[in-house]
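Biologist: I'm new to this one, so could you walk me through a close look at a single part, and then show me what else is worth a glance?

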Amino acid sequence: MKTIVCKKDDISRGTLILVNQSHPLKNTFFPLIPLDFQNQPEQSIKEEIYMERHAANLLHACIHSIGGEREIVPVSGWRSRKEQEEIWNSSIETDGEEFTKKYVALPDCSEHQTGLAIDLGRAARKIDFIRPAFPYDGVCGKFRQEAAKYGFVERYGQGKENITGIAHEPWHFRYVGSPHAKLLKENGLCLEEYVPFLKTGPKNCLIAERMAQVFYVPCLGEETEIELPDRCGSVQVSGDNISGFIVTVWGDTL
């Protein structure tokens, strides 16, 4: 029997960590690269927009696949804690507390601090930094149709406001990777609902003729031994930033 061991601190690491007001970020760091787009919003608060390296490459691949390089622009990617605090304070002063709580996360409660989140906008002379236009038709609609194939989900969907604590944000996408984006999309789930979904039992998902099995393992202490299927290929493990680990096992036959 194959096993792997995860440490307690690993709960707060990985591409599937949940980051919100109830589960703040715990110093997770990913390698970052600047996004190289043909169009950049002139009013961007910084010269370069950064994102986690693997997610950035897949974002480019998705946009290229739909021919959207000149019509889709990055508006906001990775943010430092200081930057997130400045955005929160500025929005409070400019737009008021009610608006800010709907559309801006508190410092350490923002997915942007992970480098796994990206706000996208439709190319225009002027783009709203907090609420960029990213409609459901045209090239933006095409991006949505393809996003899950590249590991991205629309993070704050309509009808999920009471669960996420954030208003509907059609422009905000989160990299969760494969097969998780497909499972979330097909089952109509937001990230807050993913662990409860996995706790009901392992989920199988076919991706490009490869079968993936996803299951949840609770953290059992300082070290947690995870049993793997006898016939398996590569294995990926991410903490959930709550109380355990999401395990993905790849192989043609599980």
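In which helix does Ala55 lie? Please start there and carry on.

Modeller: Happy to. Keep in mind as we go that this is a predicted model. Ala55 lies in helix α1, the stretch that covers residues 53-65. Its relative accessibility is 0%, so Ala55 counts as buried. And what does Ala55 touch, once you set aside residues up to four places away in sequence? Two aromatic names come up there, Phe152 and Tyr175. If you'd like a sense of distance, take Val104: Ala55 and Val104 sit 49 residues apart in sequence, and their C-alpha atoms are 22 Å apart in space.

Now let's hop over to a strand. Thr248 belongs to strand β12, which runs over residues 244-251. With a relative accessibility of 1%, Thr248 counts as buried because the cut-off for that word is under 20%. The side chain of Thr248 makes a polar contact of 2.9 Å with the side chain of His180. His180 also turns up among the contacts of Thr248 beyond four places in sequence, along with its neighbour in the list, Pro179. The others in that set are Ala212, Gln213 and Val214, and then Ser234, Val235 and Gln236.

Next, the empty space. Searching the whole structure for cavities of 30 Å³ or more turns up one. The largest cavity holds about 50 Å³ of space. Its lining includes Leu16 and Leu18, then Leu191, Glu192, Tyr194 and Val195, and finally Asp240, Ile242 and Ile246. Sorted by type, the lining residues come out as seven nonpolar, two charged and no polar. Glu192 and Asp240 are both on the list of lining residues, and Asp and Glu are counted as charged.

Last stop, the cysteines. A disulfide is a covalent bond between the sulfur atoms of two cysteines. How many disulfides does the structure hold? Zero. Take Cys6, which is in no disulfide: the nearest cysteine sulfur belongs to Cys219, and that sulfur is 8.8 Å away. Look from the other end and Cys219 is in no disulfide either, its nearest cysteine sulfur being that of Cys6, at 8.8 Å. For a disulfide the two sulfur atoms would have to be within 2.5 Å, so 8.8 Å does not qualify. As for where Cys6 sits, its relative accessibility is 6%, so Cys6 counts as buried.

Technical notes:
Residues are numbered from 1 along each chain as its sequence is written. This is a predicted model: local features need pLDDT of at least 70, side-chain atom pairs count only at pLDDT 80 or more; totals for chains, interfaces and linings use all residues. Side-chain values use heavy atoms; hydrogens and water are left out. Buried means under 20% relative accessible area, exposed over 50%, partly exposed in between (1.4 Å probe, protein chains only). Helices (H or I, at least four residues) and strands (E, at least two) are DSSP runs, numbered from the N terminus. Contact means heavy atoms within 4.5 Å. On a 1 Å grid over the protein atoms alone, a cavity is a set of points where a 1.4 Å probe fits but cannot get out, and a pocket is an open set with protein on both sides within 12 Å along at least five of seven lines; lining residues have an atom within 4 Å of a point. Grid points are joined across faces, edges and corners, and a volume is the space filled by probe spheres set on the points. A polar contact is a pair of N or O atoms within 3.5 Å; within protein, one must be able to donate a hydrogen and the other to accept it, and residues adjacent in sequence count only if both atoms are side-chain atoms.
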